[in-house]
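Colleague: Got a minute for this one? I'd like a quick walk through the fold.

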Amino acid sequence: MSPSASTALKTAPLLLALLLATGAAHAQLSSPLPAGSAKPAAAKTAPAAPDGLALPAGQGAGVHGANSPFAPLAPRGDVVPWSVLTDVKTKNEKNRILPVFNEGQLGMNGKTQRIQGFMMPLEPGEKQRHFLLSSVPLTCSFCLPGGPESMVEVKTKTPVKYSMEAVVVEGRLQVLHDDPYGLYYRINDAVTVK
């Protein structure tokens, strides 16, 4: 293994922690909507900005920008809808924000589930074994598309070729109550499906 590959592998967990910590610390999305436009119905709003505009908060499935070169996720009956995953309440406990899952989400824990989304690589290379799956495409390499409820950590059985198009993975879903990286969901032993 080359020194640069070894360094990249060592920094992958740090990158995941940085991505998730940034999302939790800032918990706001930059809006792709022009100033004065109606805000998306599913978005919660933060306190009004100084100029009187409300900004979308970092809870929910993120915003699929109208100018995105990627098509939104096509509806499928064989996957868990993001609306089910993102319907999470939170509570503050000892200076931390922890998820409070509903019965439906808790009922999926430990069971095989399919999730459709966009890959956010955590490692360098064409093939990925560990990545985040997001409800909306990543439009900026430094921006998170939504809060932790709109991402699922994926660990695959075999490497998966990176794709900028939507993918579907199937594996054992874990509902995470107090993940050190701030994640709410993880799929283990995942495989891609058509």
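Modeller: One term before we start: contact here means heavy atoms within 4.5 Å. And keep in mind that this is a predicted model.

Colleague: Fine. How many helices and strands does the chain have?

Modeller: Three helices and seven strands. Along the sequence they come as α-α-β-β-α-β-β-β-β-β.

Colleague: Where is confidence lowest, and where is it highest?

Modeller: Helix α1, residues 3-26, is at the bottom with a mean of 43. Strand β6, residues 167-175, is at the top with 97. The chain average is a pLDDT of 75, and 65% of the residues score at least 70.

Colleague: Over which residues does pLDDT stay under 50?

Modeller: Residues 1-58. The model has 61 contacts beyond four places in sequence for that stretch.

Colleague: OK, on to packing. What share of the chain's residues is buried?

Modeller: 38% of the 194 residues. The accessible surface comes to about 11,000 Å², and carbon and sulfur atoms hold 57% of that.

Colleague: And contacts across the sequence?

Modeller: Take the contacts between residues at least 6 apart in sequence: 64% of them join residues at least 24 apart.

Colleague: Now the largest nonpolar core. Which residues have the most contacts inside it?

Modeller: Leu-85, Ile-115, Leu-133, Val-152 and Tyr-185, in a core of 21 residues. Two or more residues each come from α2, β3, β4, β5, β6 and β7. The largest share is from β6, which gives four.

Colleague: What about a second core? Which residues does it include?

Modeller: It is separate and has seven residues, among them Met-120, Leu-132, Met-151 and Leu-176. As a general point, nonpolar side chains tend to be buried together in soluble globular proteins.

Colleague: Let's zoom in on β6. Leu-173 is in that strand. Buried or exposed?

Modeller: Buried, because the relative accessible area of Leu-173 is 0% and the cut-off is under 20%.

Colleague: Which residues does Leu-173 touch, leaving aside neighbours within four places in sequence?

Modeller: Two runs and a single residue. Met-108, Asn-109, Gly-110 and Lys-111 are in contact with Leu-173, as is Gln-113. Tyr-185, Arg-186 and Ile-187 complete the list. Asn-109 is 64 residues away in sequence, but its C-alpha is 5.7 Å from that of Leu-173.

Colleague: Let's do Met-119 too. Where is it?

Modeller: In strand β3. Met-119 is buried, at 4% relative accessible area. Its contacts beyond four places in sequence include Phe-131, Leu-132, Leu-133, Val-160 and Val-167. Met-119 and Phe-131 are 12 residues apart in sequence and 6.6 Å apart in space, C-alpha to C-alpha.

Colleague: Switching to aromatics. How many aromatic pairs are there in the whole structure?

Modeller: Two. In one of them, Phe-101 and Tyr-184 meet edge-to-face, with 6.1 Å between centres and 85° between planes.

Colleague: Why does that pair tie together parts distant in sequence?

Modeller: Phe-101 is in the loop between β2 and α3, and Tyr-184 is in the loop between β6 and β7, so the pair ties together parts 83 residues apart in sequence. Both partners are buried: Phe-101 has a relative accessible area of 10%, and Tyr-184 is at 3%. Together with Tyr-185 they form one aromatic cluster.

Colleague: So Tyr-185 shows up again. It was on the core list too.

Modeller: Right, and Tyr-185 was also on the Leu-173 contact list.

Colleague: Now the hairpin. How do β1 and β2 run, and how many bridges join them?

Modeller: They run antiparallel, joined by five bridges. β1 covers residues 89-93 and β2 covers 96-100. Glu-93 stands opposite Arg-96. Two residues lie between the strands.

Colleague: What is phi for Lys-94 in the turn?

Modeller: Positive, about 55°. Most residues other than glycine have a negative phi. Lys-94 is exposed, with a relative accessible area of 77%.

Colleague: And Asp-189, what is phi there?

Modeller: Near 55°, again a positive value in a residue other than glycine. Asp-189 is in strand β7. It counts as partly exposed because its relative accessibility is 43%.

Definitions and conventions. Residues are numbered from 1 along each chain as its sequence is written. This is a predicted model: local features need pLDDT of at least 70, side-chain atom pairs count only at pLDDT 80 or more; totals for chains, interfaces and linings use all residues. Side-chain values use heavy atoms; hydrogens and water are left out. pLDDT is the predictor's confidence in each residue, from 0 to 100. Two strands pair if DSSP finds at least two bridges between them. Buried means under 20% relative accessible area, exposed over 50%, partly exposed in between (1.4 Å probe, protein chains only). Accessible areas come from the Shrake-Rupley method with a 1.4 Å probe; for residues, only the protein chains shown count as cover. A nonpolar core is a set of buried Ala, Val, Leu, Ile, Met, Phe, Trp, Tyr and Cys residues joined through side-chain atoms within 4.5 Å. Rings of Phe, Tyr and Trp (its six-membered ring) pair if their centres lie within 6.5 Å; planes under 30 degrees apart count as stacked, over 60 as edge-to-face and the rest as tilted.
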